[in-house]
Amino acid sequence: LIDMGTEPFMLSTSMVCIASQRLIRKICPKCKAKIHVPDDVFVDAGIDPDRFRNISLFEGTGCSYCNNTGYKGRMGIFEVMRIDDDIRRLIEGDANSIEIEKAALDKGMINLREAALRKLEAGLTTFDEVLREIIANE
């Protein structure tokens with residue numbers, strides 16, 4: 001919006017939050033099976049393998065319920081950045097997007113990558129789906 005001529009002070013005072021979302025596929029509950037992902041695959045994806053050391057990961061093996069895809073349905077992952085006074089000052093001060101994102105993350109914002117990794121930890125989606133939707137699109 002700033003590139004289109006909106007003044008930063010007008011933009012920052014009118015925003016309450018900025019949201020981003022994506023849909024990722026859910027593992028089929030009928031053919032869900034535990035898998036092992038080697039540490040080097042985590043490292044190659046830029047994910048700390050220790051985070052998943054004691055967590056079971058799953059994938060769908062394919063069945064008639066999911067048309068042999070291993071997935072049934074989708075769920076959202078969300079990134080919501082609240083615009084507080086600190087973020088507002090950064091916008092008005094012409095900070096770049098990296099500086100604004102860092103400030104929001106420091107205040108507890110969960111980005112799309114982290115939201116997807118949490119769904120993986122909860123056993124709701126697959127490692128491949130996280131790679132496909134999040135890691136590959138960064």
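A residue counts as buried when its relative accessible area is under 20%, and as exposed when that area is over 50%. The exercises below apply this to a predicted model.

**Exercise 1. Classify E133 as buried or exposed, and find what E133 touches.**

Step 1. Locate the residue. E133 is found in helix α6.

Step 2. Apply the cut-off. The relative accessibility of E133 is 14%, so E133 counts as buried.

Step 3. List the contacts beyond four places in sequence. E133 touches R22, L23 and I24.

Step 4. Check the side chain. A polar contact of 3.0 Å joins E133 to the side chain of R132.

**Exercise 2. Find which residues of α6 are buried, and determine how they are arranged around the axis.**

Step 1. Take the helix, residues 127-135. Its buried residues are F127, E129, V130, E133, I134 and I135.

Step 2. Look down the axis. These residues cover an arc of only 160°, which puts them on the same side of α6.

Step 3. Recall the helix geometry. An α-helix has 3.6 residues a turn, so residues three or four places apart point the same way.

Step 4. Name the packing partners. The buried residues of α6 pack against β1 (17-27), α2 (39-44), β4 (71-82) and α5 (112-121).

**Exercise 3. Determine how α5 and α6 are oriented, and list the residues that meet.**

Step 1. Read the geometry. The two helices pack at an angle of about 170°, and their axes are 10 Å apart.

Step 2. Classify the angle. Angles over 145 degrees count as roughly antiparallel. That makes α5 roughly antiparallel to α6.

Step 3. Go to the residues. From α5 come L112, R113, A116, L117 and L120; from α6 come F127, V130, I134 and I135.

**Exercise 4. Repeat the analysis for α3 and α4.**

Step 1. Read the geometry. Helix α3 (residues 85-92) packs with α4 at an angle of about 175°. The axes are 10 Å apart.

Step 2. Classify. α3 and α4 are therefore roughly antiparallel to each other.

Step 3. Go to the residues. I87, L90 and I91 in α3 meet E99, I100, A103 and A104 in α4.

**Exercise 5. Describe the largest nonpolar core, then a second one.**

Step 1. Count. The largest core has 18 residues.

Step 2. Find its hubs. The residues with the most contacts inside this core are F42, I47, F52, I77, L120 and F127.

Step 3. Assign elements. β4, α5 and α6 each supply at least two residues of the core. The largest share is that of α5, with five residues.

Step 4. Follow one hub. Leaving aside neighbours within four places in sequence, F52 is in contact with F42, I47, L57, L117, L120 and E121.

Step 5. Turn to the other core. A second, separate core has 11 residues, among them I83, A95, A103 and M109.

Step 6. Set this in context. In soluble globular proteins, nonpolar side chains tend to be buried together.

**Exercise 6. Find the positive phi values in the loop between β3 and β4, and classify the residues by accessibility.**

Step 1. Recall the background. Most residues other than glycine have a negative phi.

Step 2. Take N67. Its phi is near 55°, a positive value in a residue other than glycine. N67 lies in the loop between β3 (57-60) and β4.

Step 3. Take N68. Its phi is near 60°, again positive in a residue other than glycine. N68 is in the loop between β3 and β4.

Step 4. Classify both. N67 counts as exposed at 64% relative accessibility. N68 is exposed, with a relative accessible area of 59%.

**Exercise 7. Classify Y65 and N111, and list their contacts beyond four places in sequence.**

Step 1. Place Y65. This residue is in the loop between β3 and β4. Its relative accessible area is 39%, so Y65 is partly exposed.

Step 2. Find its contacts. Y65 touches C28, P29, K30 and K72. Y65 and P29 are 36 residues apart along the chain, and their C-alpha atoms are separated by 9.1 Å.

Step 3. Place N111. This residue is in the loop between α4 (97-106) and α5. At 17% relative accessibility, N111 counts as buried.

Step 4. Find its contacts. N111 touches F78, E79, E101 and L105.

Step 5. Add a distance. N111 and R88 are 23 residues apart in sequence. Their C-alpha atoms are 19 Å apart in space.

Conventions. Residues are numbered from 1 along each chain as its sequence is written. This is a predicted model: local features need pLDDT of at least 70, side-chain atom pairs count only at pLDDT 80 or more; totals for chains, interfaces and linings use all residues. Side-chain values use heavy atoms; hydrogens and water are left out. Buried means under 20% relative accessible area, exposed over 50%, partly exposed in between (1.4 Å probe, protein chains only). Helices (H or I, at least four residues) and strands (E, at least two) are DSSP runs, numbered from the N terminus. The arc is that of the directions from the helix axis to the C-beta atoms. Contact means heavy atoms within 4.5 Å. A nonpolar core is a set of buried Ala, Val, Leu, Ile, Met, Phe, Trp, Tyr and Cys residues joined through side-chain atoms within 4.5 Å. A polar contact is a pair of N or O atoms within 3.5 Å; within protein, one must be able to donate a hydrogen and the other to accept it, and residues adjacent in sequence count only if both atoms are side-chain atoms. Axes are lines fitted to C-alpha atoms, for helices over the stretch in contact, and angles run from 0 to 180 degrees between N-to-C directions. Angles under 35 degrees count as roughly parallel, over 145 as roughly antiparallel, 65 to 115 as roughly perpendicular and the rest as oblique.
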